[in-house]
Amino acid sequence: MIKEGWEAIIGMEIHAQLATETKIFCGCAVITGGEPNSNTCPVCLGLPGALPVLNRRVVDLGARAALALGLEVQETSIFARKNYFYPDLPKGYQISQYDRPFSANGTLTIMTSERDDQGRAVEWRPMTIRIERMHLEEDAGKNVHEGLPDVDKYSYVDLNRAGTPLGEIVTAPDFRTSWQAYDYVNHVRSALRWVGASDADMEKGNLRCEANVSVRKIGETAFRNKSELKNLNSVRFMQKAIEFEIARQTEAHEKGEPVNQETRLWDEKNQCTRVMRSKEDAHDYRYFPEPDLQPLTVSRDFIENVRKQMPELPDVMRDRFMSDYSLSFADATQMVSEQDLAAFYETAAKASGNPRVTANFLLTELQRELNNSGKAVADSPVAAQELAALIKTLDSGAINNNQAKEVLVEMFNSGKTAATVISEKGFEQVSDPAEIERIVNEVIAANEDQAAAFRGGNEKLFGFFVGQVMKASNGKANPKLVNQILKERL
Ligand code: ZN
Ligand code: MN
């Protein structure tokens, strides 16, 4: 929450590692870990005279990522050298893109909500974000530090990661709250995973985000100094860092203290941001076109082909689930959180003919069993068609809701079909009208006083008779038929 009269201006940068098997400009495999510097060649070591060759797969996955984020893939883009010195960058420059990026002019609609004190969403609303660009570039290596600070500290360079392909996704400064930024990053993460462009796993470092945060008085048009938040290891840390920064800067401005343009880190232990370094300006990098690579040209046909091969995107699917299957926003969102879950649901919902009840059973009963056994939905012992068969049996009135839940657990544990479990448990209902009529007659005969009272106007007694018939049938009588026949007989 920001102080009255102030607003926060937040822009996001995300580096997503594209899920290729080999690096962007050489044939070295993309691996995590491994013996330091074992996974290198003259190109990614930056040896003099070694020439980069663009990996075609980077263009495929880059196009998927761009389209999934509402960006336009540019027919011509240009690789550029971004010059800076750092030990993990042996060439002295990073091959990136500058004024002609791979994709640009994106608009992306996300769902976002502020959160209450318990972290619960208050109200989900759509919000459209301008994504300025996603350019392609190579990752740098890693500096590894060993030893205690100030005591025999050693630093090493591991270049296994050097040359790994990245898409850098840059938004306009469109966010006004930390939760909007949080919901945006989650949206990007799931969209990239959905189309197979990136594993987008923040813990493994194959999705890294940075937030540019400044504040200003409402009504001001110019921007004040911003801080760039880096090394954010999770989306939640990022959200907390932004929240802290908003409060810190607002307070400093109000006290008349300076707010410097600088890079800051999130200190989770002390729940605050700390200065990492003062910000160098973009022109310090002396970008110029990479002389060793041709401009990248991508045909309209190629882009249309990629578009055709893309799966339906999660937010489109969520909206369709809400309109076609009458799912709530929360249920539909949960259903599209994973591609396998969404596919499982759609198969089961169509086969059962009852999408709402299918959703309830899938998201609560089946999901619980899956969680407890550590299984993914793709490995569910209960197939989508079998869940549908169970829901159909439930709908027919042959078993009740609690029995259906019990049957599902047994199906999960034994791998048996719904029909087998139902008959083994003896859950089949008595749906023979003659049999039910016989029981109804017996019950009425045994309770003549109540029957007379009911006929005299005490309608509450109907429930008593239903109970008696169910009891006499050991709970197996079909409740619909019991109601119907009781009404006739009484
Ligand atoms: Zn290499
Ligand atoms: Mn970058």
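1. Domains. In this predicted model, the assignment splits the chain into three stretches: domain 1 covers 6–301, domain 2 covers 312–425 and domain 3 covers 433–489. Domain 1 gives 8 residues to its contact with domain 2, and domain 2 gives 11. Taken over C-alpha atoms, the centres of domain 1 and domain 2 are 38 Å apart.

2. Zinc donors. The zinc ion (ligand 1) has protein donors Cys26, Cys28, Cys41 and Cys44, each through SG. They lie 2.3 to 2.4 Å from the ion. Along the chain, the donors follow the spacing C-x1-C-x12-C-x2-C.

3. Zinc geometry. The site of the zinc ion (ligand 1) is tetrahedral, with angles of 102 to 116 degrees among its 4 donor atoms. For reference, ideal angles for four tetrahedral donors are 109.5 degrees.

4. Burial of two donors. Are Cys41 and Cys44 buried or exposed? Cys41 has a relative accessible area of 18%, so it counts as buried, the cut-off being under 20%. Cys44 is buried too, at 7% relative accessibility.

5. Cavity. How many cavities of 30 Å³ or more does the structure hold? It holds 1. The volume of the largest cavity is about 50 Å³.

6. Cavity lining. Cys44, a zinc donor, also lines the largest cavity. The other lining residues are Asp88, Leu89, Pro90, Lys91, Glu138, Asp139, Ala140, Ala162 and Gly163. By class, the lining has 5 nonpolar, 4 charged and 1 polar residues. Among the charged ones are Asp88, Lys91, Glu138 and Asp139. Gly163 counts as polar.

Note on methods: Residues are numbered from 1 along each chain as its sequence is written. Chains are lettered from A and ligands numbered from 1 in the order in which they are written. This is a predicted model: local features need pLDDT of at least 70, side-chain atom pairs count only at pLDDT 80 or more; totals for chains, interfaces and linings use all residues. Side-chain values use heavy atoms; hydrogens and water are left out. On a 1 Å grid over the protein atoms alone, a cavity is a set of points where a 1.4 Å probe fits but cannot get out, and a pocket is an open set with protein on both sides within 12 Å along at least five of seven lines; lining residues have an atom within 4 Å of a point. Grid points are joined across faces, edges and corners, and a volume is the space filled by probe spheres set on the points. Donors are N, O and S atoms within 2.8 Å of the metal (3.2 Å for Na, K and Ca); water is not among the atoms, so sites may look incomplete. Four donors count as tetrahedral if all angles lie between 85 and 135 degrees; four count as square planar and six as octahedral if opposite donors are over 155 degrees apart and all others between 65 and 115; anything else is irregular. Buried means under 20% relative accessible area, exposed over 50%, partly exposed in between (1.4 Å probe, protein chains only). Domain bounds come from an automatic or database domain assignment. Contact means heavy atoms within 4.5 Å.
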